[in-house]
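Got a minute to walk through a structure with a newcomer? Here is a chat that goes through it piece by piece.

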Amino acid sequence: MAKMTSKATNEVSWEHIQWRVDQGMASNFHPGDEVSDVLKDGSTMVFVVAAVNHYQDDEVIFVMKDCIGEELPMNEEDTNYGGWPKSYLREKANTDILAMLPDDLVSVIAPRKITQVIRGEKFECEDKLWLPSEVEYSGESRYGVAEEGDKQFEFYKDARNRISLDAGGDPCWKWERSPDRYYSYYFVYVNTNGNPNNNGWAYNRLGVALGFCIRKSK
């Protein structure tokens with residue numbers, strides 16, 4: 001017998017999502033749930049639930065389904081020194097790109113601390129917007145610097161969900177935040193098949209699909 005699955009669409013606010021998390025209902029969200037909203041430039045972005053209660057209780061992690069804005073370099077020079085914390089793209093993400101998001105969304109995003117140890121040197125930052133790591137995408141560290149405690153987002157266990165489209169609607173390469181652990185000029189990126197590659201020269205311009213956390217208010 002044939003079966004039909006229907007997908008309901010409901011109005012929701014970021015304030016209400018925060019309220020549900022505050023009430024201990026983060027587990028009511030599921031990987032693959034989508035929230036679409038209009039950015040300040042008039043374009044529409046779909047944010048997907050990537051993981052729930054992943055690194056701590058009462059936490060919902062969202063990622064951009066497709067890439068935002070124009071393709072950008074990870075750094076303006078050919079180096080991965082300092083990793084994500086010292087990168088040009090991190091600065092752009094938490095200034096210009098953050099400013100594109102609706103104010104009610106920005107108000108509920110919880111900063112996330114990121115630590116990378118690159119060739120023996122530790123770099124740290126705390127961001128509202130960040131790129132997923134190689135492990136968060138693919139579940140393993142084949143090329144990039146591994147971060148302690150990282151684990152794969154449930155949504156990305158299906159490689160098809162790792163594929164993002166560019167502004168023209170075509171599958172594109174997009175950055176991960178993981179610097180290559182062998183070479184000082186590469187960052188890892190996601191290719192058009194949803195798999196990691198390591199030969200992303202830091203000054204290359206690739207797609208940007210960022211993540212953010214909504215956590216229980218303190």
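**Sheets, core and buried residues**

Strands β3 and β13 pair in the antiparallel sense, with five bridges between them. Keep in mind that this is a predicted model.

Reader: Okay, which strands are at the edges of the sheet that has the order β1-β2-β3-β13?

Author: That sheet is open, has four strands and pairs in the antiparallel sense. An edge strand here is one that pairs on one side only. The two that do so are β1 (34-38) and β13.

Reader: And by what angle are neighbouring strands of that sheet turned against each other on average?

Author: Direction is ignored for this one. Taken over neighbouring strands of the four-stranded sheet β1-β2-β3-β13, the average turn is 30°.

Reader: Which helix packs on this sheet, and what angle does its direction make with that of β13?

Author: The helix is α1, and it touches β1, β2, β3 and β13. Compared with the direction of β13, the direction of α1 makes an angle of about 55°.

Reader: Let's zoom in on β3. Which residue of β13 is the bridge partner of Glu 59?

Author: β3 and β13 are joined over five bridges. At another spot along this pair, Val 63 stands opposite Gly 211 in β13. For Glu 59, the bridge partner in β13 is Arg 215.

Reader: What about the other neighbour: which residue of β3 is the bridge partner of Val 48?

Author: β2 and β3 pair in the antiparallel sense over five bridges. They also form a hairpin with six residues between them, and Asn 53 in the turn has a positive phi of about 50°. The partner of Val 48 in β3 is Val 63.

Reader: Is β3 largely enclosed or left open, and how many of its residues are buried?

Author: Glu 59, Ile 61 and Val 63 point one way from β3, while Val 60, Phe 62 and Met 64 point the other way. Both sets are buried. So β3 is largely enclosed by the rest of the structure, with the buried count at six of the six residues.

Reader: Which element gives the largest share of the largest nonpolar core?

Author: This core has 55 residues, and those with the most contacts inside it are Trp 14, Phe 47, Phe 62, Trp 84 and Leu 101. Elements that give two or more residues to it include α1 (14-22), β3 (59-64), α2 (88-97) and β10. In general, nonpolar side chains tend to be buried together in soluble globular proteins. The largest share here is six residues, and it comes from β2.

Reader: You mentioned α2. Why do Leu 89, Ala 93 and Ile 97 end up on the same side of α2?

Author: Leu 89, Ala 93 and Ile 97 are the buried residues in question. An α-helix has 3.6 residues a turn, so residues three or four places apart point the same way. What covers the buried residues of α2 includes β4 (72-73) and β9. The three are on the same side of α2 because the arc they cover around the axis is only 50°.

Reader: There's a second sheet too, right? Which strands of the sheet β9-β10-β11 stand at the edges?

Author: Its three strands pair in the antiparallel sense and form an open sheet. An edge strand has a single partner strand, so one side of it is left without a neighbour in the sheet. The strands at the edges are β9 (174-179) and β11 (196-201).

Reader: Which residue of β11 is the bridge partner of Tyr 189?

Author: β10 (residues 186-190) pairs with β11 in the antiparallel sense over four bridges. The partner of Tyr 189 in β11 is Asn 197.

Reader: Now Arg 177. Is it buried or exposed?

Author: Arg 177 lies in strand β9. A polar atom of its side chain lies 2.6 Å from the backbone oxygen of Leu 131. Farther along the sequence than four places, its contacts include Trp 84, Glu 136, Glu 147, Asp 150 and Phe 187. Its relative accessible area is 0%, so Arg 177 is buried.

Reader: Last one: what distance separates the C-alpha atoms of Val 208 and Lys 174?

Author: Val 208 lies in the loop between β12 (205-206) and β13 (211-215), and at 0% relative accessibility it counts as buried. Leu 89, Ile 97 and Leu 131 are among its contacts. Val 208 and Lys 174 are 34 residues apart along the chain, yet their C-alpha atoms are separated by 5.6 Å.

Technical notes. Residues are numbered from 1 along each chain as its sequence is written. This is a predicted model: local features need pLDDT of at least 70, side-chain atom pairs count only at pLDDT 80 or more; totals for chains, interfaces and linings use all residues. Side-chain values use heavy atoms; hydrogens and water are left out. Buried means under 20% relative accessible area, exposed over 50%, partly exposed in between (1.4 Å probe, protein chains only). Contact means heavy atoms within 4.5 Å. Two strands pair if DSSP finds at least two bridges between them. A nonpolar core is a set of buried Ala, Val, Leu, Ile, Met, Phe, Trp, Tyr and Cys residues joined through side-chain atoms within 4.5 Å. The arc is that of the directions from the helix axis to the C-beta atoms. A polar contact is a pair of N or O atoms within 3.5 Å; within protein, one must be able to donate a hydrogen and the other to accept it, and residues adjacent in sequence count only if both atoms are side-chain atoms. Axes are lines fitted to C-alpha atoms, for helices over the stretch in contact, and angles run from 0 to 180 degrees between N-to-C directions.
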